[in-house]
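Colleague: I should like to learn how to read the sheets, the unusual backbone geometry and the chain contacts of a model. Might we take these topics in turn?

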Amino acid sequence: MIIKLWVNDKKITDEIDGDAILLDFLRDHGCYSVKRGCETSNCGLCTVLMDSKLVLSCSTLVARADGKHVITLEGLQEEAKEFGGFLADQGAEQCGFCSPGLVISVLTMVKELKNPSDREISEYLSGNLCRCSGYMGQLRAIKRYLNQKGAQKNEIS
Amino acid sequence: MITINNFVKVKTLAEAYQLNQKRTNVVIGGFMWLKMGNRKIQNAIDLSGLGLNKIEETDDEFRIGSMCTLRDLELHEGLNNECQGALKEAVYHIVGVQFRNGATVGGSIYGRYGFSDVLTCLMVLDCYVELFKGGIISLKEFAKKKYDNDILVRILIKKDSRKVSYQSQRNAKMDFPLIAVAVAKKKNNIFVAVGARPMKAKLIQKSGCLSEQNPSQEEIAEFADWAKGQFSYGSNMRASKEYREYLAYVYIKRGVKEVLKDDH
Ligand SMILES: Cc1cc2nc3c(=O)[nH]c(=O)nc-3n(C[C@H](O)[C@H](O)[C@H](O)COP(=O)(O)OP(=O)(O)OC[C@H]3O[C@@H](n4cnc5c(N)ncnc54)[C@H](O)[C@@H]3O)c2cc1C
Ligand code: FES
Ligand code: FES
């Protein structure tokens, strides 16, 4: 089938198979930030935005993206760089494999949640697994990032 | 692995129903569950062009299109006001935001999964399933029904001001629940649904079982003990039969206390 979609604001028309998966399609179109982890909808590594909503590209049919706008980290480089600095400052990355999924989720969370508490942050990001960091460095980085943006209700502890 | 030959974006429910009569054709909800299986699909029936991704509120009911996501349930203010946040609590622990943006209400209810938080919670509400061919039937009846080739169009929840509580327990954050308990109260009727036993949710209802005025702790415990006994339990890798039965007792008791709050 022929589909038309926008990937990072670039219009793409392509012929796809009915069972083509968005993750593969995005990588075939040069979006290497999108990674395959568990492939069972659990780890969040493959997270992208589809019409401004976070989705798991490993579990999304490309056919469902027809007519939609898909954003990957390649399309959010400025914002990702800014938040990436906070992660680095807190030593929150070890292997860094989980970072693309985490970063895109954090950037979306900032838009969706007003003054999130630590609990709300952890809950929002519970679909982004990290096997190295133990999450505390990430949480510190997120809180400092939110504080700089004036968007957190808790004091930094 | 799952393979799909054609992805068919249907224009009408009748077209979807007709296609769905053939075993090799399959309705696609959020695709989260289907993707985990092994299947060769000839025609994937896509309902996303039929406007079923909306929650409509009328004076006396909520009409939830089958393509609404679990995240839509979680974020809908009117719906959660009606059930005091119970539906939000039921879906909140399902994997993560990205997952809940994908998994649909239709897929969750059609599947009638044993572990389902969604089915357990909806069961204690005055809830109905609208089927293309089968018409409107109660969720309780639908849960017992054999799988067939109908199309689940909407879930209907009547507004009847019942008080609702939902609780579940997991061994790990993103795991399936090992027990799921919903309790509701309407006038002097108490509704209890227990799911993840690990069998699918079942509903019981009892009238006039607790004193109208301030039932005592003993009375509540006695009711919970009776209610827990109305369900069967089983063991699997997540929990033993005995543990589930004990947890059901504890959560029914807590649920009843919750729905009795502010009553007196
Ligand atoms: C990794 C993982 C973890 C999960 N954890 C939980 C959990 O903790 N708690 C919980 O409650 N649930 C859990 N679920 C289940 C999940 O919430 C959904 O219920 C499930 O994925 C089905 O929804 P779907 O939209 O993905 O349906 P699909 O996978 O698209 O479809 C499921 C079935 O429903 C049929 N179907 C879909 N829509 C219709 C329709 N409108 N009419 C007729 N048939 C239809 C399909 O043909 C298919 O047979 C989990 C699922 C996965 C994959
Ligand atoms: S690869 Fe998609 S959730 Fe893990
Ligand atoms: S830093 Fe290695 S998985 Fe997160």
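Modeller: Let us begin with the sheets. Two strands pair if DSSP finds at least two bridges between them. The model shown here is predicted. In chain B, an open sheet of five strands follows the order β4-β5-β8-β6-β7, with antiparallel pairing.

Colleague: Which strands stand at the edges of this sheet, and why is one side of each left without a neighbour?

Modeller: The edge positions belong to β4 (55-57) and β7 of chain B; each has a single partner strand, so one side of each lacks a neighbour in the sheet. Direction ignored, neighbouring strands here are turned by 20 degrees against each other on average.

Colleague: How many bridges join β6 to β7 of chain B?

Modeller: In general, strands of a sheet pair through backbone hydrogen bonds, either parallel or antiparallel. In this case four bridges join β6 (residues 127-131) and β7 (residues 135-138) of chain B, and the two strands run antiparallel. Two residues of β7(B) can be matched to their partners: Ile136(B) is the bridge partner of Glu130(B), and Ser138(B) is that of Tyr128(B). The connection from β6(B) to β7(B) is a hairpin of three residues.

Colleague: What is the strand order in the open sheet of four strands in chain B?

Modeller: The order is β9-β10-β11-β12 of chain B, with antiparallel pairing. Its edge strands are β9 (163-170) and β12 (202-207) of chain B, each of which pairs on one side only. From one strand to the next, the twist averages 15 degrees. Eight bridges join β9(B) to the antiparallel strand β10 (residues 177-186) of chain B; there, Lys163(B) stands opposite Lys185(B).

Colleague: Which strands does helix α9 of chain B lie across, and which does α10 of chain B lie across?

Modeller: Helix α9 (residues 217-228) of chain B lies across β11 (189-195) and β12 of chain B, at about 140 degrees to β12(B). Helix α10 (residues 241-260) of chain B lies across β9, β10 and β11 of chain B, at about 30 degrees to β10(B).

Colleague: How should unusual backbone geometry be read?

Modeller: Most residues other than glycine have a negative phi, and most peptide bonds are trans. Against that background, Arg197(B) and Pro198(B) are joined by a cis peptide bond, with omega of about 10 degrees. Pro198(B) is in the loop between β11 and β12 of chain B. In chain A, Asp9(A) is not a glycine, yet has a positive phi of about 70 degrees; this residue lies in the loop between β1 (2-7) and β2 (10-15) of chain A.

Colleague: How much area is buried between chain B and chain A?

Modeller: The size of an interface is often given as the accessible area lost when the parts come together. Between chain B and chain A, the buried area is about 2200 Å², and carbon and sulfur atoms give 56% of it. Phe7(B), Lys35(B) and Gln98(B) supply 30% of the area that chain B buries against chain A, more than any other three residues.

Colleague: How many salt bridges and polar contacts are found between the two chains?

Modeller: Three salt bridges are found across the interface of chain B and chain A. One of these forms between the side chains of Glu123(A) and Lys173(B), at 3.2 Å from N to O. Eleven residue pairs are in polar contact between the two chains. With five residues, β1(B) gives the most to the side of chain B that touches chain A.

Key
Residues numbered from 1 in each chain as written. Chains lettered and ligands numbered in written order. Predicted model: local features only at pLDDT ≥ 70, side-chain atom pairs only at ≥ 80, totals over all residues. Heavy atoms only, no water. Buried area = accessible area lost by both parts, 1.4 Å probe. Salt bridge = Lys/Arg side-chain N within 4 Å of Asp/Glu carboxyl O. Polar contact = N/O pair within 3.5 Å; in protein donor to acceptor, adjacent residues only side chain to side chain. Axes fitted to C-alpha atoms, helices over the stretch in contact; angles between N-to-C directions. Contact = heavy atoms within 4.5 Å.
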